[in-house]
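Work through these exercises with the sequence and the 3D view side by side. Try each task before you read its solution.

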Amino acid sequence: MLERDEKFMQVFWDLADNEEAKRIGAIQQLVKNLLEKQDQAEDPSELCPELKYAVGRLVQGLGSNRKCARIGFSAALTTLLKQVPSNLLDAKDVLDLMGEKLQLGNTKSEDREILFGRVFCLLSLIESEKLLEKGGKNAVIVHHVTKEFIRLSRIKTYMHKVAVAGLCELCRKVPEEVFEKAMWPTLSSCFAGGWETCTPDMLQLLLVCHKTNPDSCGKTFLKTNKWTPAKSKKAEIIGPHSFKHLARIVAETTPCQPVVDPFALEVIVTIAKQGSDVLGNFWSESLSSTLLTSSPERKCLAVKLACFSLPLLNEETLLLVWNKDLLMNLYHALMNKDHHLHRYCKEQLPKELSEKMSDVSPDVQYKFLFQLWKSPGGIHLDGITHASVVSTVVGHLKLPALLKYIKWLKKLFLVGTVGDVGIKEINLDVARTWSSSQLAHLVRMVHLPRNEQWITGIIKFLFLHGYFQVDKEVNTSKVEEVQMVDEHFTDLSEATQRRVRQSSASVITWLNNMLPINSKEDGASKKIPGLMLSGEFWLSMIVEYANKLMQEEGLSVLCDMDKSTTDAWNETMNFIKKMTKLKKDSKGGKVSEATAMQLLLLHVSIQLLSPDGEVQKSAVDVISDLRVIVAERFSKERKKLKMSEDNGPHWVEVIVEILLSMLSQGSHSVRVVADQVFKLISTHMTKKALNLITDVLIMKDAELMKNKDEEGDEDDTNEDDDMDQQEDEEMETSEDESDEEEIEEVAEDVDAEFRRKIKEALGNAAAPSDNESDDNENNDENESDSDDDMSDDAMMRIDPMLSNIFKERNQSKKAQKKNNKMHVTHFQLRCLDLIESFITRHHATNPMVLDLARPLLEVVDLASRDPDKSALAERATVILRMKLCKMKGYPHSLNTEEIAACHEDIEQILQKCQRTSGGLFLAQLCSHTCMFLLRVLCGNPAPEEGCQTGAADTGRVTSAYASALENFMTKRESHLHLCVLQDYVSRYPLLAKGLVEPLIRHIKNGVLVFRKTQACQLLMSLITCSISSQHAKTHSEKLLVTTCKVLENIISNARNVKTNYVSELLRLLFHASKSLKEQQSDYDWASTIQVLKNLLEMPEIQRSQNLTNLSWRAASLLGQTRPKVDKTEQRNEKRKRKEEKAKQAKENGEDATEESGEKKESRRELKRRIRKEKKLAKRQTQAKRKNEGGDSAPKKKFKKKNRGQSALDN
């Protein structure tokens, strides 16, 4: 009965399932079913058969080695034992089942599983509280279970820990009187040896006994067995008297590595409860020396326990736990890749520190940071070891510790490591570089407690020392950052100032991207990155701070501020104030314009303070351009200015040109500002401004680099033109003079470094330079003589050196060219980001989005041909296909010009498909773009009522696709792919119905059979489509005539029958005939029927069942009856033909052998004969060599000798 109940048996399999939810469900179902069976039993005082089987099966399943079997079966047994009363199933019955079902086997692997099964069975008894039920046998059974646990712990070492855990659980569960009577007599003998023979598991059991049963395991027992001192008044097992033994016991828990034994952690917590000072003494007196001078596993345990102890320490005890020896071990582990702790300290330790640092007090965090720097690595510990230990600690600092750390970093920057105890002294410039980078790194740490106060302090400090020089003797400023400079301050070197400016720029970039801190408002202004809580830009605060510093005494700007630069600065400050006021007073679009102008002016104003003269000069030029925009857009007299400057560029075009020049610089901070400004002005974009961006994408690399060079060298253009004119005149006079001029130009291009290398290679033979010629006028004759007298050996020595120099120069030129090309690609990628931003923000409203389709397609075409621009091609493809062609919204109110532009784009894209050989990928992209433009046209309102195709000009679109179809069908080497036509026909059949007549013509006149077949398929899709089928019916007669003519040609030329082509023709013929029948046409069907009959008589058609069926389907439509064929007779005829064919082949083979007089050779015999002939030829060759004089053997030895000699030489 049990075997037949499949559901009941399936529950036991579900108990061992890997999913916890499935195991829990199986347990609930099993217990419920068994209890129901027991309630329905005939004799309620006895177990029902199902319950007996289940208990035995569960006990036996505890010894299974399946992954989750022991977990599921033990949980099910525990639950079942709780539910079944003791009068039906008591603890003795379970122990008897355990002895029966879990007997030791013959192999070690089986014994291991059986032993674990017995332990789990005992644990189930304990958890089910069967041992706690009242009765006379209770103490006896507890005694038996205790002895069984002790026996199991002594059988195998791997059983020791789990058996002791079971004993500990039993001590916690049983009552005190049962413990004293049944357990303590057996356990007390285990503790008789005291600390000298104590093990971790024994100490764990003793602590549990002392805690749960203090009367039995009390002061007297502990003193008697030397667990506590004789004079101790308290019964404390763990205390200062046992530190030495505890350290040894903790060290013995390492077999659990890489997992820390929970008992070791319990010891640390127990000692910490006695006081943090006690824990520090335990580490300093015993634990550190025991663990750090032992095996690698114990050293690893020391680091883990020290990390675990962090929340339990104060500032004084931290120094005792994280002592010099521990830090030295940590440093060596991080430095040496072959160290046994290297992987743990580099990968796992930072994770453990991040988990513990949240529970550590701020003072201990700050102290711990300095303690780590006392290692040999110092403040560069992370940099030297390439780890993240210090950065993890810094990233989890609480606000008080963070503020103290920032204050110390600023002090380190100003005066170095003076007064810092324990930190290794370093060079002041190194300290300043490191501290400035750390300050910048703090701003970028998102897990730190953030507020604007300390972030503002950092950026002001870095900006002050990066762009200004402080005169400490005339320091009367009230600015906080300037007041920090005292008499111990020394001026920064140029290299340090440059690095501080880099740190400042990285902070500014981060702040420009950062959303307002703790912002709870949902206003539009709060969603703009780079804003403070006040609504002002971070850049605005920085520029105001810079303006304030410029007016302070004792401060000087590091850059050269001439009159034009100073005037530009003052003018910029006025513009910024004006934009700020306009933002507050204006509404709508003016706010975004003013915000964009303000952000751009703020960025340019910081560039005015740059020590780089070129950057400063370009900033002055930008301000002069922005001056015109401010006057045009934001001045009270803007209308007059606009009337007078109608011929000038639009203000948005000017800003776009400025943004493009900013993006070409390659700076990340500039890129962030450019993206933000572009988003703010994108609503005012014009077609010319958008074309400026697309022109950059389509322009060639050489032109972009040329334009960039021309922008940087505008002052030298006239001189270059004069030089070109002079060269042209000299070339006209004589060829020799032109050659000399070219040589002189090449010589002028050679840089000084290249000249120096050449001179070093030539030595005394080198010609003097222009500066040296005056000093060596008297020695010209001697030099010429020395040159003439140079020996061949000297020239041979010089040749390789000169060759290497020229080779290095050529390689550097190639690298420079590749680098320039990479910069251009990155510039174009940034421009693509602007395009994507414009599409994303204005795809549903701005018709100019449609103008981007063709330029993006051009970018994909050009970039896909250059392997170095694969990233650009992929990016443009994603934007075109995913952002543009698949966007849900699109402009629905196009004017006449925009509609005409869409039609022109479709025509140009189709012509591009016919001209270029970009492959299937580009053809699909072109098709998707055309489908998008057609979707936009069809979605816009039609100029005339009743037009079903919207704004799409059916004639113009049909003409464009008809031209493409003509190219595909008539030109053998056409680059057009079929997908372009298929997409058009399948998605817009109403527009494609104009292709029906051309397709009918190309069925017959196509250049290739394959293309004719494709024409048939396209025509079939139009005929079967409900939208275009009505139009196709008007051409049914013409289609039928054309199809019949093509089939007649095939019948007349029976040798060249293409089955696919014929099948498509027959389908067209059927649909054309059906259409004419429905129209009740008076068409003469005799010729069509005759064509079908002739076709069915062809052997090629008869061999194809598909063609036969298609032919008869058309003939049946025309009234012809298909003769019924007996399948049995057909099979017999087929078998007869096959037999006759085989017989004829056999007769032909016999005739051939009779004529030749030889028996026909099989394939196996042929291979065997060829193999014998090869062996015979080989033997003959060997014999011939022996007869010739035995030259081959010595020759072979000579070869072997040569091989050995060459191996020795190598």
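Helices here are DSSP runs of H or I with at least four residues, numbered from the N terminus. The model is predicted.

**Exercise 1. The whole chain**

Task: State how many helices and strands the protein chain has, and what share of its residues is buried.

Solution.
- Step 1. Count the elements. The protein chain holds 59 helices and 2 strands.
- Step 2. Look at burial. Of 1210 residues, 44% count as buried.
- Step 3. Turn to the surface. About 66700 Å² is exposed, and carbon and sulfur atoms supply 49% of that area.
- Step 4. Check the contacts between residues at least 6 apart in sequence. Of these, 70% join residues at least 24 apart.

**Exercise 2. Two charged patches**

Task: Find Arg 1171 and Glu 180, and say which patch of charge each belongs to.

Solution.
- Step 1. Place Arg 1171. Its helix is α58, residues 1163-1187.
- Step 2. Find the patch. Arg 1171 gathers with Arg 1163, Arg 1164, Lys 1167, Arg 1168, Lys 1172, Lys 1175 and Arg 1179 in a surface patch of positive charge.
- Step 3. Judge the exposure of Arg 1171. Its relative accessibility is 48%, so it counts as partly exposed.
- Step 4. Place Glu 180. It sits in helix α9, residues 176-188.
- Step 5. Find its patch. Glu 176, Glu 177, Glu 180 and Asp 215 form a surface patch of negative charge.
- Step 6. Judge the exposure of Glu 180. At 47% relative accessibility, Glu 180 counts as partly exposed.

**Exercise 3. Buried or exposed?**

Task: Classify Ser 153 and Ile 71 by relative accessible area.

Solution.
- Step 1. Recall the cut-offs. Buried means under 20%, exposed means over 50%, and partly exposed lies in between.
- Step 2. Place Ser 153. It belongs to helix α7, residues 138-155.
- Step 3. Apply the rule. Ser 153 has a relative accessible area of 12%, so it is buried.
- Step 4. List its contacts, leaving aside neighbours within four places in sequence. Ser 153 touches Met 159, His 160 and Ala 163.
- Step 5. Place Ile 71. It is part of helix α4, residues 69-83.
- Step 6. Apply the rule again. Ile 71 has a relative accessible area of 47%, so it is partly exposed.
- Step 7. Add a distance. Ile 71 and Asn 18 are 53 residues apart along the chain, and their C-alpha atoms are separated by 10.0 Å.

**Exercise 4. Positive phi in loops**

Task: Give the phi angles of Lys 226 and His 386, and locate both residues.

Solution.
- Step 1. Take Lys 226. Its phi is positive, about 65°, although it is not a glycine.
- Step 2. Locate Lys 226. It falls in the loop between α11 (219-224) and α12 (243-251).
- Step 3. Check its exposure. With a relative accessible area of 65%, Lys 226 is exposed.
- Step 4. Take His 386. It is not a glycine, yet its phi is positive at about 55°.
- Step 5. Locate His 386. Its loop runs between α20 (381-385) and α21 (389-395).
- Step 6. Check its exposure. His 386 is exposed, at a relative accessible area of 61%.

**Exercise 5. Salt bridges**

Task: Describe the salt bridges of Glu 347, Lys 563 and Asp 905.

Solution.
- Step 1. Start with the rule. A Lys or Arg side-chain nitrogen must be within 4 Å of a carboxyl oxygen of Asp or Glu. The count by this rule is 29 salt bridges.
- Step 2. Take Glu 347. It pairs with Arg 343, and the closest N and O atoms are 3.5 Å apart. Both lie in helix α18 (residues 342-356), 4 residues apart, about one turn of the helix.
- Step 3. Compare exposure. Glu 347 is partly exposed at 40%, whereas Arg 343 is exposed at 62%.
- Step 4. Take Lys 563. Its side chain meets that of Asp 567 at 3.0 Å, N to O. Helix α28 (residues 563-585) holds both, 4 residues apart.
- Step 5. Take Asp 905. Its salt bridge to Arg 854 spans 2.9 Å, N to O. This pair links distant parts of the chain, 51 residues apart: Asp 905 is in helix α44 (residues 896-915) and Arg 854 in helix α42 (residues 853-864).
- Step 6. Compare exposure again. Asp 905 is buried at 7% relative accessibility, whereas Arg 854 is partly exposed at 30%.
- Step 7. Finish with a network. Salt bridges with shared partners join Arg 671, Asp 833, Glu 836, Arg 875 and Lys 883.

Key
Residues are numbered from 1 along each chain as its sequence is written. This is a predicted model: local features need pLDDT of at least 70, side-chain atom pairs count only at pLDDT 80 or more; totals for chains, interfaces and linings use all residues. Side-chain values use heavy atoms; hydrogens and water are left out. Patches are made of residues with over 30% relative accessible area and no salt bridge: like charges are joined within 9 Å, nonpolar side chains (Val, Leu, Ile, Met, Phe, Trp, Tyr) within 5 Å. Accessible areas come from the Shrake-Rupley method with a 1.4 Å probe; for residues, only the protein chains shown count as cover. Lys and Arg count as positive and Asp and Glu as negative; His and the chain ends are not counted. The place of a charge is taken as NZ of Lys, CZ of Arg, CG of Asp or CD of Glu. Buried means under 20% relative accessible area, exposed over 50%, partly exposed in between (1.4 Å probe, protein chains only). Contact means heavy atoms within 4.5 Å.
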